[in-house]
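Visitor: I have a structure open on my screen and would like to talk it through. Could you take my questions as they come?

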Number of protein chains: 2
Amino acid sequence: MGAAGSEAATGLVGRVDLSRLVNPSSVAIIGASDRPGSLGSRTVANLLDHSDFTGTAYLISRSKKTIHDLPCYQSVLDLPESPDVALLVVPAAQTLSVLRECALKGTRFAIVFTSGFGEMGEEGKRAEAEMAQIGRESGMRIYGPNSPGLCNLNRRLGLMFSPSFHLDQFAGPIGLATQGGGIGRCFLQAMERGVGVGLWASTGNEVDLTVADFIRHYADDDAITVIASTMEGVKDGPAFVDAALYAAERGKPVIALKVGRSDYGARAVASHTGSLSGAAEVNSAVFRQAGVVEVDDMDELIDTAALFARKRPTGRERIAVYGFSGGGCALGADAVGNAGLELAEFSDKTLARVREVLPDYAAVANPVDATSDILTRTEIGYESLRAVADDPDVGLVLYPFPCDYEELTEAIGASIAQVQRETETPILPVWMSDRLGPGYDELVKGGLVPVRSVRNGTAALRRWVERGRWTHQEGWRPLGVASSGGERIVHTEPTAKELLGRHGVPVPASGVATTADEAVAVAERVGYPVVLKVVSAQITHKSDVGGVAVGLADAGQVRAAYHRIREAVPAARPDAEVGGVLVEAMASAGLDVLVGVSRDPVFGQVVTFGLGGVLVELFGDVSRRLLPLTPDQARALVDEPRCAALLHGVRGGEPGDVDALVDLLVNVSRFVEANAAVVDELELNPVRVLPAGQGVVALDAVLVTAGSVEATQ
Amino acid sequence: MGAAGSEAATGLVGRVDLSRLVNPSSVAIIGASDRPGSLGSRTVANLLDHSDFTGTAYLISRSKKTIHDLPCYQSVLDLPESPDVALLVVPAAQTLSVLRECALKGTRFAIVFTSGFGEMGEEGKRAEAEMAQIGRESGMRIYGPNSPGLCNLNRRLGLMFSPSFHLDQFAGPIGLATQGGGIGRCFLQAMERGVGVGLWASTGNEVDLTVADFIRHYADDDAITVIASTMEGVKDGPAFVDAALYAAERGKPVIALKVGRSDYGARAVASHTGSLSGAAEVNSAVFRQAGVVEVDDMDELIDTAALFARKRPTGRERIAVYGFSGGGCALGADAVGNAGLELAEFSDKTLARVREVLPDYAAVANPVDATSDILTRTEIGYESLRAVADDPDVGLVLYPFPCDYEELTEAIGASIAQVQRETETPILPVWMSDRLGPGYDELVKGGLVPVRSVRNGTAALRRWVERGRWTHQEGWRPLGVASSGGERIVHTEPTAKELLGRHGVPVPASGVATTADEAVAVAERVGYPVVLKVVSAQITHKSDVGGVAVGLADAGQVRAAYHRIREAVPAARPDAEVGGVLVEAMASAGLDVLVGVSRDPVFGQVVTFGLGGVLVELFGDVSRRLLPLTPDQARALVDEPRCAALLHGVRGGEPGDVDALVDLLVNVSRFVEANAAVVDELELNPVRVLPAGQGVVALDAVLVTAGSVEATQ
């Protein structure tokens, strides 16, 4: 069964109150130790020495009477109360029995550090299924296994074994949810650039709590304004989308890095957290649709999240490039152009002011090359940057710093930080040099979070501006219905078309004939010219077996074609069951597009749209959306492929009936929605798009369901 | 006149011996000073205090008797000898007169720091033209203006005014040539990662010496093994290509960042160094053809050059990903896949060894997740990494480091450096964290040049492997012939086809008719069906004016069509001169492609190849090469677009006659070569590619020349 069905199946996913996990009154450490360097002793130290924990700590050890001046318990069962959180620092072999004890004791949350489960193969996966079972039966929520724990830095609380917990503490507005531990800590160490993380959850193999649960928690946490995430797999696609949309509705952007987008990556994540990677293209399409900002690497995740934490974009921001190196400015302007962003146009007032303060060989239009003069005359740097940042057309200032000049760049850094204190316009410094001098430190201290390359800066900027343009139809949620798992049925073309036609999808006028006379009768009714196609669920490529005849202009041609088909098909495919011949009115000329629906194992039903033909296939020029489709989403789907230009009439071509195409897509969506549990695959290829005002018509239809369609209608 | 003509015009470009510029016996500083912080005093200090300069220094100052314990001269004319190099630290207004004095004195090289010339506009450009004139007339070579000077770090010599010269000294095998100064220094500061630069030239506005001259010099310098470059414009395209190929022939890869590839960037470089940016697509195509590795940002330039400096690629390298973070390894494997690189397959011996030393929950196939166990057990990290690096299928090990763990990662860093000392296989560490701890330092000390992100690592790797596959036909050079500048002539279709036909380009059998009888006679000769097209140099779109008739099957149809055309065209275009009607045999069905030649203002004649039709235009799916084309280059040109799949027969389509298409391209190239000074534009659109073995035929031809073609034949 696909993950789309796990909610119904497990009952574990939903709106979980995690407040007593991230801010517990009582914590039990099972496997506490005082052996230096052991996981048990580090976990104790992180809670008791390096946290501001004011609740009750219970240490459970079979061998020790006291640890860290606290009495030890033999078992979690001996505790005087049900703990909010139990940390399991126990070997893999004991994990299940200790979890059972925790459940029995009424523990609210169990954090399992231990590795060696799903990532090891089938046996580990069985143990994980047992863990999930323990959780389901008791109501205890499980975090992990194969997890480094979590930390609530806004409250200085560490439920983790890492020796670095005490070093990587820099509170802030970012809520971080990562599956893996190492790359989560990578993010925390961006504190060196002034990036603050309020809460970090690293959910490991996710037998119960997932990244999605934390996204939802962060959405409700007032101290968190931006959510950053890395995922190896998405355990429950609809729950993830739901959480992302919930966050979006609360004004909190989600920035995400999805690992496992190539075959190699998918193989690697399977051996790391035992995750299933869905199709990368579907994943990216779903992210876009849910307002999740997708990034490609850890530095981009950090750069982008940090930029969102500084200011919310409107989507209308235009960029100023300012610097003291002509080459750096040119590189910056180039990158702005290549990223599809726009340079701001300065007002006359700004230009006059910049011209007034800078030397006459400076470039004053955007980009502003203030020249190296500002290295020795900081005040003209300050004045001109201030004027640029205050220009009404400037949404953000990109400031490339090519190299460090010690005290000279220190003064510049301080003056930039000064300007930033006085303006609302974000200034994004690009510290291009590998020498991180005192100027860099000034920028970090000023909260400007320097990025490391012009490419990184414009990549973050592009994502920031684009997310500013994202619009969400309040309340929209993906279908998220699991497959019924019923018998696979391949419907014949006339059946599929009839079902679709009932939902308002335009199909050609037609009828099924089992004699030549019937074929002629249908043709007379629908009007010539007609096309004849053999009806058989077993035959996918009807032309290849002589099962198609097109452009039949009169009764004689229909009759002849009918007989040809009835002879050719059984000869070519004696195995196929033939249910007659479909006689259809031929559509007039237009542009052919394809509309497909498939059931993604992670996210559920996805619609794919593109132009027909081999070239489009070569370029993969299609768009995708999770169903259901609103009319606005359908229109965006149509406009997204580059080939959409043809539909709108490019180079003298006639525009197609896009409105009718949008209607068709919405009706296809309604059909799938009405039969969500059974529709596994639907392909309309081609859909003929006639000239504007003349409609569209689905010329072919393949429908595959899991069980009968009628049963669900 | 285009830059392609500057060699002939200026006589300045060619093989310049720069040895006395980069290693002078005598240096004159004109505008020497002892005022602290002045350009003059910093230039003196850089030469006398911070260099190991053993030649003679002459200081020229109008106001001082001695500086730095050396006597000052009033003028360069007073010197006892002709200096090898004169450094001009003088205001813009004095530059020309001082340059004249230098020339008069027999100075070999003049370095002009001063800004405020070509980048300021027309007046500055005129001053630059005068500089060039002074150089041409005297033989003195000019470096700059608007340049920070140059430094020869392999000999510790600085001919520059920068206050950072003494800090940024880390000799090494990279020869660096940048137009701008700031981004050149950015590269030097990569010494913090262990990147060593032997020589850096920053050529500024390039009135004479260009980046290309330094590329050629580095190619001949045994201490330089890799050449890195940034360019805002290419002053002389053919000279640049020639230098790049010269370097390639000497086994030295050139890595280049071209700024000014977007409209914004092009505008910015114009105001920075007054450079002209050619078309970005042409630039990239020329780089590829000349073996120049193009990068997109400064960090990529550094990462890529540093990797080439470590080892030369064969193009067959497969990659191992190794690390102690499962997430980091998955991200690395993902990036390898997304970059189109291949993961190595370990031998059984490697697998057995890795399995033997690592814990059983480690992932031992590629990628290797050695787990955090190696943080505390460095020896198993060493042993397993050693086994991976020694595997015969491993060409390079990518080692993602997600975060710093102080002394733990220090020990890991040291052990990686140890493995690197013992193996030829490069290990490329990715230091993902913003905390640069002692482990980072160990990697730098070991010469492993850590990159900052998985994306950066795989980007460098991809370029490295791809360059390993590049092959060059020894001796090939671009045409590099300037336009004759003659009168613009648009040739009629029959003239163009006749000229091409003489060079072996297949064109339809045809004749021009001026009466209906003649038209029929030609049709009878070439065979039906035929096509008729009006002949007129003024009419580009013949169909639009009723000037075309296709599929004419007999004399009657030809006659009727002839009269229709002779009536319709004058009615639609009374201004156009009509030279009769072209009667051509119609080609049979095939795939239509386009072949175009245009004269790029920077690089000269470029051929463009792609499939015809509007979709290809939407996707910009074309390939380009500088002319002339060898048969191998022509074949690569055809295979490069994604649409090439159609020519080779995709999804049941019939393969086209690619051999004949290659012949046509080579013959087009020969035609252009034979008429290089006059051919400005040639478009064969479409060329009909018939099924394999049946040839190709150019169905249409547009030829625009600068002056008469015959004159050059």
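Guide: What follows is a walk through a predicted model, taking the contact between the chains, the cavities and some local backbone features in turn.

Visitor: Let's start with the contact, then. How many residues does each chain put in?

Guide: Chain B brings 81 residues to the contact and chain A brings 81 residues. The area buried between the two chains is about 6,500 Å², and carbon and sulfur atoms account for 60% of that area.

Visitor: And how many salt bridges run across the interface of chain B and chain A?

Guide: Ten salt bridges are found across that interface. One pairing across the chains is that of B:R435 with A:D168, whose closest N and O atoms are 2.6 Å apart. In general, side chains of opposite charge can pair when their charged atoms come close.

Visitor: What about polar contacts between chain B and chain A, how many residue pairs is that?

Guide: Between chain B and chain A there are 28 residue pairs in polar contact, counting pairs in which both residues have pLDDT 80 or more.

Visitor: Which elements of chain B supply at least two residues each to the side that touches chain A?

Guide: Several elements of chain B do so, among them α6 (182-188), β13 (254-258), α9 (263-272), α11, α12 (326-338) and α18. The largest share of that side comes from α12(B), which provides ten residues. Sorted by class, the side of chain B that touches chain A has 37 nonpolar, 19 polar and 25 charged residues.

Visitor: Changing topic, how many cavities of 30 Å³ or more are there?

Guide: The structure holds seven cavities of that size, and the largest has a volume of about 170 Å³.

Visitor: Which residues lie nearest the centre of the largest cavity?

Guide: Of the 18 residues that line the largest cavity, those nearest its centre are A:D299, A:R452, B:D299, B:R452 and B:N456. Both chains take part in the lining, with α11 (298-310) and α18 (454-469) of chain A and α11 (298-310) and α18 (454-469) of chain B each supplying at least two residues. The element that gives the most is α11(B), with three residues.

Visitor: How does the lining of the largest cavity split by class?

Guide: That lining has ten charged, five nonpolar and three polar residues.

Visitor: And the second largest cavity, what lines it?

Guide: The second largest cavity contains about 80 Å³ of space, and its lining includes A:E206, A:T210, A:M231, A:K235, A:D236 and A:F240. Helices α7 (211-220) and α8 (237-249) of chain A each supply at least two residues of this lining. By class, the lining divides into six nonpolar, two polar and three charged residues.

Visitor: Back to salt bridges for a moment, how many are there over all chains?

Guide: The count over all chains comes to 90 salt bridges. One of the pairs is A:E294 with A:R261, at 3.2 Å from N to O. A:E294 lies in strand β14 (residues 292-295) of chain A, while A:R261 is in the loop between β13 (254-258) and α9 (263-272) of chain A, so this salt bridge ties together parts that are 33 residues apart in sequence.

Visitor: Last topic, the backbone. Which peptide bond in chain A is cis?

Guide: In chain A, the peptide bond from A:N366 to A:P367 is cis, with omega near 5°, and A:P367 sits in the loop between α13 (348-357) and β16 (368-369) of chain A. In chain B, the peptide bond from B:N366 to B:P367 is cis, with omega near 5°, and B:P367 is in the loop between α13 (348-357) and β16 (368-369) of chain B.

Visitor: Is phi of A:H68 positive or negative, and where is that residue?

Guide: Phi of A:H68 is near 55°, a positive value in a residue other than glycine, and A:H68 is located in the loop between β3 (66-67) and β4 (70-73) of chain A. For context, most residues other than glycine have a negative phi, and most peptide bonds are trans.

Conventions
Residues are numbered from 1 along each chain as its sequence is written. Chains are lettered from A and ligands numbered from 1 in the order in which they are written. This is a predicted model: local features need pLDDT of at least 70, side-chain atom pairs count only at pLDDT 80 or more; totals for chains, interfaces and linings use all residues. Side-chain values use heavy atoms; hydrogens and water are left out. On a 1 Å grid over the protein atoms alone, a cavity is a set of points where a 1.4 Å probe fits but cannot get out, and a pocket is an open set with protein on both sides within 12 Å along at least five of seven lines; lining residues have an atom within 4 Å of a point. Grid points are joined across faces, edges and corners, and a volume is the space filled by probe spheres set on the points. Helices (H or I, at least four residues) and strands (E, at least two) are DSSP runs, numbered from the N terminus. Ala, Val, Leu, Ile, Met, Phe, Trp, Tyr, Cys and Pro count as nonpolar, Asp, Glu, Lys and Arg as charged, and the others, Gly among them, as polar. Contact means heavy atoms within 4.5 Å. Buried area is the accessible area (1.4 Å probe) that two parts lose on being put together, summed over both. A salt bridge is a side-chain nitrogen of Lys or Arg within 4 Å of a carboxyl oxygen of Asp or Glu. A polar contact is a pair of N or O atoms within 3.5 Å; within protein, one must be able to donate a hydrogen and the other to accept it, and residues adjacent in sequence count only if both atoms are side-chain atoms.
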